[in-house]
Amino acid sequence: MGRLKNRLIAKLFTKFPFLVERWVEKAAPWKVEGIPWAPVTKPVKDCKIAIVTTAGVHLKNQKPFDMHDPHGDPNYREIPKDTPKEELMITHDYYDHKDADKDINIVFPIDRLKELKETGEIKDIAEINFGIMGHIDGGHIYTLINETAPEIAEKLRQQGVDAVLLTPG
Amino acid sequence: MGLVQREIEKKGIPTISISIVRKFTEEIRPSRAVFLKWPLGHPLGEPFNIRQQAIVLKKALEALADIKEPGAIRDLPFRWRRYEDLEK
(Lines give C-alpha, C1' and ligand atoms only; values in the text may rest on other atoms or scores of the structure.)
Protein backbone atom coordinates (compact mmCIF):
# COMPACT_ATOMS: atom_id res chain seq x y z
CA MET A 1 0.00 0.00 0.00
CA GLY A 2 2.76 2.41 1.01
CA ARG A 3 4.58 2.03 -2.30
CA LEU A 4 1.40 2.61 -4.31
CA LYS A 5 0.68 5.77 -2.35
CA ASN A 6 4.23 7.07 -2.87
CA ARG A 7 4.10 6.36 -6.60
CA LEU A 8 0.75 8.11 -6.87
CA ILE A 9 2.13 11.17 -5.09
CA ALA A 10 5.15 11.14 -7.42
CA LYS A 11 2.83 11.15 -10.46
CA LEU A 12 0.76 13.99 -9.00
CA PHE A 13 3.99 15.97 -8.46
CA THR A 14 4.77 15.71 -12.16
CA LYS A 15 1.28 16.69 -13.22
CA PHE A 16 0.79 19.52 -10.73
CA PRO A 17 4.07 21.36 -10.07
CA PHE A 18 2.45 23.56 -7.38
CA LEU A 19 2.23 20.43 -5.21
CA VAL A 20 6.02 20.15 -5.34
CA GLU A 21 6.30 23.73 -4.14
CA ARG A 22 3.95 22.97 -1.24
CA TRP A 23 5.98 19.86 -0.33
CA VAL A 24 9.23 21.84 -0.47
CA GLU A 25 7.77 24.58 1.74
CA LYS A 26 6.70 22.02 4.35
CA ALA A 27 9.99 20.09 4.39
CA ALA A 28 11.91 20.65 7.62
CA PRO A 29 15.10 22.63 7.01
CA TRP A 30 18.41 20.82 7.54
CA LYS A 31 21.02 22.93 9.30
CA VAL A 32 24.54 22.94 7.89
CA GLU A 33 27.69 24.75 8.91
CA GLY A 34 29.93 26.39 6.37
CA ILE A 35 30.42 25.45 2.74
CA PRO A 36 33.05 22.82 1.87
CA TRP A 37 35.37 23.90 -0.93
CA ALA A 38 37.85 21.98 -3.07
CA PRO A 39 39.30 24.23 -5.77
CA VAL A 40 39.28 23.15 -9.40
CA THR A 41 42.98 23.02 -10.24
CA LYS A 42 42.95 22.16 -13.93
CA PRO A 43 40.89 22.91 -17.03
CA VAL A 44 37.76 20.75 -17.43
CA LYS A 45 39.22 19.34 -20.66
CA ASP A 46 41.97 17.75 -18.55
CA CYS A 47 39.55 16.35 -15.95
CA LYS A 48 38.34 12.84 -15.32
CA ILE A 49 34.66 13.22 -14.43
CA ALA A 50 32.34 10.94 -12.42
CA ILE A 51 28.57 11.01 -12.06
CA VAL A 52 26.90 10.54 -8.69
CA THR A 53 23.14 10.44 -9.13
CA THR A 54 20.47 10.37 -6.44
CA ALA A 55 17.85 9.29 -8.96
CA GLY A 56 17.82 5.64 -7.82
CA VAL A 57 19.76 4.26 -10.79
CA HIS A 58 21.26 0.77 -10.41
CA LEU A 59 22.04 -2.38 -12.37
CA LYS A 60 19.28 -4.93 -12.79
CA ASN A 61 21.48 -7.57 -11.16
CA GLN A 62 22.01 -5.41 -8.06
CA LYS A 63 19.68 -5.29 -5.08
CA PRO A 64 17.06 -2.58 -5.77
CA PHE A 65 16.87 0.36 -3.39
CA ASP A 66 14.66 -0.48 -0.40
CA MET A 67 11.29 1.12 -1.01
CA HIS A 68 9.64 -0.38 2.08
CA ASP A 69 11.72 1.59 4.59
CA PRO A 70 9.94 4.96 4.93
CA HIS A 71 13.33 6.60 5.61
CA GLY A 72 14.73 5.38 2.32
CA ASP A 73 17.80 3.30 1.44
CA PRO A 74 21.07 5.08 2.33
CA ASN A 75 23.38 2.64 0.50
CA TYR A 76 25.01 3.11 -2.88
CA ARG A 77 25.25 1.04 -6.05
CA GLU A 78 28.29 1.05 -8.35
CA ILE A 79 27.55 1.78 -12.00
CA PRO A 80 30.38 0.91 -14.45
CA LYS A 81 30.54 3.52 -17.23
CA ASP A 82 30.08 0.99 -20.04
CA THR A 83 27.05 -0.78 -18.58
CA PRO A 84 24.64 -1.49 -21.45
CA LYS A 85 21.44 0.56 -21.13
CA GLU A 86 19.28 -2.55 -20.95
CA GLU A 87 21.09 -3.60 -17.78
CA LEU A 88 20.26 -0.33 -15.98
CA MET A 89 17.06 0.43 -14.12
CA ILE A 90 15.61 2.90 -11.63
CA THR A 91 14.08 1.99 -8.29
CA HIS A 92 12.68 5.14 -6.67
CA ASP A 93 9.02 5.65 -5.78
CA TYR A 94 9.36 9.28 -4.75
CA TYR A 95 9.54 10.86 -8.19
CA ASP A 96 7.97 9.95 -11.51
CA HIS A 97 10.72 8.30 -13.56
CA LYS A 98 8.58 7.37 -16.55
CA ASP A 99 10.67 9.64 -18.79
CA ALA A 100 14.01 8.59 -17.28
CA ASP A 101 13.01 4.95 -17.88
CA LYS A 102 12.81 5.81 -21.59
CA ASP A 103 16.15 7.65 -21.62
CA ILE A 104 18.33 7.32 -18.54
CA ASN A 105 20.46 10.25 -19.75
CA ILE A 106 18.00 12.76 -18.32
CA VAL A 107 19.10 11.72 -14.81
CA PHE A 108 22.39 9.88 -15.55
CA PRO A 109 23.93 11.63 -18.58
CA ILE A 110 26.51 8.98 -19.36
CA ASP A 111 26.10 9.13 -23.16
CA ARG A 112 26.43 12.91 -23.17
CA LEU A 113 29.59 12.63 -21.08
CA LYS A 114 31.01 10.09 -23.55
CA GLU A 115 30.38 12.56 -26.37
CA LEU A 116 32.34 15.22 -24.48
CA LYS A 117 35.20 12.77 -24.12
CA GLU A 118 35.09 12.09 -27.89
CA THR A 119 35.32 15.79 -28.65
CA GLY A 120 38.08 16.33 -26.10
CA GLU A 121 35.96 18.59 -23.87
CA ILE A 122 36.71 16.31 -20.92
CA LYS A 123 39.65 13.95 -20.53
CA ASP A 124 37.97 10.86 -19.20
CA ILE A 125 35.01 9.31 -17.38
CA ALA A 126 35.24 7.36 -14.13
CA GLU A 127 35.16 3.60 -14.68
CA ILE A 128 32.76 3.36 -11.73
CA ASN A 129 30.00 5.90 -11.16
CA PHE A 130 27.55 5.86 -8.28
CA GLY A 131 23.80 5.51 -7.85
CA ILE A 132 22.06 6.42 -4.62
CA MET A 133 18.50 7.45 -3.86
CA GLY A 134 17.30 10.83 -2.70
CA HIS A 135 14.50 11.09 -0.16
CA ILE A 136 16.67 9.82 2.70
CA ASP A 137 15.24 10.65 6.10
CA GLY A 138 15.58 9.98 9.84
CA GLY A 139 18.70 8.20 11.07
CA HIS A 140 19.59 7.20 7.53
CA ILE A 141 20.71 10.78 6.91
CA TYR A 142 23.63 10.13 9.26
CA THR A 143 24.46 6.86 7.50
CA LEU A 144 24.45 8.79 4.24
CA ILE A 145 26.74 11.54 5.55
CA ASN A 146 29.05 9.48 7.75
CA GLU A 147 29.35 6.23 5.79
CA THR A 148 27.96 6.25 2.26
CA ALA A 149 29.31 9.61 1.07
CA PRO A 150 32.85 9.14 2.48
CA GLU A 151 33.02 5.63 0.94
CA ILE A 152 31.96 7.01 -2.43
CA ALA A 153 34.49 9.84 -2.10
CA GLU A 154 37.26 7.36 -1.32
CA LYS A 155 36.37 5.23 -4.35
CA LEU A 156 36.31 8.35 -6.53
CA ARG A 157 39.74 9.32 -5.22
CA GLN A 158 41.16 5.84 -5.91
CA GLN A 159 40.01 6.17 -9.53
CA GLY A 160 41.78 9.49 -9.90
CA VAL A 161 38.55 11.41 -10.44
CA ASP A 162 39.16 15.16 -10.79
CA ALA A 163 35.57 16.40 -10.48
CA VAL A 164 32.08 15.06 -9.83
CA LEU A 165 28.72 15.88 -11.41
CA LEU A 166 25.75 15.26 -9.12
CA THR A 167 22.27 14.79 -10.53
CA PRO A 168 18.95 14.44 -8.68
CA GLY A 169 15.83 12.44 -9.47
CA MET B 1 21.95 15.20 -3.13
CA GLY B 2 23.55 18.27 -1.55
CA LEU B 3 24.59 16.42 1.61
CA VAL B 4 26.52 13.83 -0.40
CA GLN B 5 27.99 16.60 -2.54
CA ARG B 6 29.28 18.38 0.56
CA GLU B 7 30.98 15.23 1.86
CA ILE B 8 32.70 14.53 -1.49
CA GLU B 9 33.90 18.12 -1.61
CA LYS B 10 35.20 17.80 1.98
CA LYS B 11 37.38 14.91 0.79
CA GLY B 12 39.03 17.27 -1.67
CA ILE B 13 37.21 16.50 -4.92
CA PRO B 14 35.48 19.48 -6.57
CA THR B 15 31.79 19.02 -7.37
CA ILE B 16 28.97 20.58 -9.36
CA SER B 17 25.31 19.66 -9.03
CA ILE B 18 22.25 20.23 -11.17
CA SER B 19 19.47 21.43 -8.88
CA ILE B 20 15.78 21.42 -9.68
CA VAL B 21 14.59 22.41 -6.18
CA ARG B 22 16.28 25.72 -5.43
CA LYS B 23 15.15 25.92 -1.80
CA PHE B 24 16.85 22.62 -0.91
CA THR B 25 20.09 23.74 -2.53
CA GLU B 26 19.93 27.09 -0.72
CA GLU B 27 19.50 25.27 2.59
CA ILE B 28 22.07 22.53 2.14
CA ARG B 29 24.67 24.91 0.67
CA PRO B 30 26.79 22.65 -1.53
CA SER B 31 29.90 24.20 -3.08
CA ARG B 32 28.58 24.79 -6.63
CA ALA B 33 25.24 24.28 -8.38
CA VAL B 34 23.35 25.19 -11.48
CA PHE B 35 19.59 25.55 -11.13
CA LEU B 36 16.79 24.79 -13.56
CA LYS B 37 13.13 25.26 -12.73
CA TRP B 38 12.25 21.99 -14.37
CA PRO B 39 10.04 19.05 -13.26
CA LEU B 40 11.36 16.46 -10.81
CA GLY B 41 13.06 13.60 -12.60
CA HIS B 42 14.29 15.79 -15.49
CA PRO B 43 17.56 17.49 -14.46
CA LEU B 44 18.99 17.11 -17.99
CA GLY B 45 15.68 17.73 -19.73
CA GLU B 46 13.56 15.57 -21.96
CA PRO B 47 14.17 11.97 -23.06
CA PHE B 48 16.10 11.71 -26.36
CA ASN B 49 16.54 15.49 -26.60
CA ILE B 50 20.27 15.08 -27.06
CA ARG B 51 20.95 18.72 -27.86
CA GLN B 52 19.13 19.93 -24.75
CA GLN B 53 20.89 17.38 -22.52
CA ALA B 54 24.29 18.30 -23.96
CA ILE B 55 23.71 22.02 -23.36
CA VAL B 56 22.76 21.48 -19.72
CA LEU B 57 25.78 19.25 -19.18
CA LYS B 58 28.14 21.78 -20.78
CA LYS B 59 26.66 24.63 -18.74
CA ALA B 60 27.14 22.57 -15.57
CA LEU B 61 30.79 21.90 -16.43
CA GLU B 62 31.29 25.58 -17.29
CA ALA B 63 29.94 26.46 -13.85
CA LEU B 64 32.31 23.92 -12.30
CA ALA B 65 35.23 25.79 -13.85
CA ASP B 66 33.93 29.36 -13.37
CA ILE B 67 32.36 29.46 -9.93
CA LYS B 68 34.87 30.91 -7.50
CA GLU B 69 32.50 31.74 -4.67
CA PRO B 70 31.60 28.78 -2.40
CA GLY B 71 27.86 28.10 -2.34
CA ALA B 72 27.07 29.88 -5.60
CA ILE B 73 23.93 28.74 -7.40
CA ARG B 74 23.89 29.69 -11.06
CA ASP B 75 20.41 30.00 -12.59
CA LEU B 76 20.39 28.60 -16.11
CA PRO B 77 18.20 30.61 -18.47
CA PHE B 78 16.27 27.67 -19.92
CA ARG B 79 12.51 27.52 -19.50
CA TRP B 80 10.61 24.27 -19.38
CA ARG B 81 7.92 23.86 -21.98
CA ARG B 82 4.40 23.13 -20.78
CA TYR B 83 4.30 19.61 -19.44
CA GLU B 84 1.62 18.64 -21.95
CA ASP B 85 4.21 19.15 -24.70
CA LEU B 86 6.19 16.23 -23.29
CA GLU B 87 3.39 13.82 -24.12
CA LYS B 88 3.57 14.55 -27.84
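How many residues of chain B are in contact with chain A, and how many residues of chain A do they meet? In this predicted model, 44 residues of chain B are in contact with 49 residues of chain A. On the side of chain B that touches chain A, four elements give two or more residues. These are helix H1 (2-10), strand S1 (15-19), helix H2 (22-28) and helix H3 (50-66) of chain B. H1(B) gives the most, with eight residues. By residue type, this side of chain B divides into 25 nonpolar, 10 polar and nine charged residues.

Strand pairing also links the chains. Strand S7 of chain A, residues 163-167, is joined to S1(B) by three bridges. The two strands run parallel. Within this pairing, A:Val164 stands opposite B:Thr15 of S1(B).

A helix pair forms another part of the contact. Helix H5 of chain A, residues 140-158, packs against H1(B) at an angle of about 50°, and the two axes lie 9 Å apart. Angles under 35 degrees would count as roughly parallel and those from 65 to 115 as roughly perpendicular. The angle of about 50° falls in neither range, so H5(A) is oblique to H1(B). The crossing of H5(A) with H1(B) is right-handed.

The residues that meet can be named on both sides. H5(A) brings A:Leu144, A:Ile145, A:Ala149, A:Pro150, A:Ile152, A:Ala153 and A:Leu156. H1(B) brings B:Leu3, B:Val4, B:Glu7 and B:Ile8. This helix contact holds 10 nonpolar residues, no polar residues and one charged residue. The charged residue is B:Glu7.

Definitions and conventions
Residues are numbered from 1 along each chain as its sequence is written. Chains are lettered from A and ligands numbered from 1 in the order in which they are written. This is a predicted model: local features need pLDDT of at least 70, side-chain atom pairs count only at pLDDT 80 or more; totals for chains, interfaces and linings use all residues. Two residues are in contact if their C-beta atoms, placed from the backbone, lie within 7 Å. Two strands pair if DSSP finds at least two bridges between them. Axes are lines fitted to C-alpha atoms, for helices over the stretch in contact, and angles run from 0 to 180 degrees between N-to-C directions. Angles under 35 degrees count as roughly parallel, over 145 as roughly antiparallel, 65 to 115 as roughly perpendicular and the rest as oblique. A crossing is left-handed if the near helix is turned anticlockwise from the far one by less than a right angle, and right-handed if clockwise.
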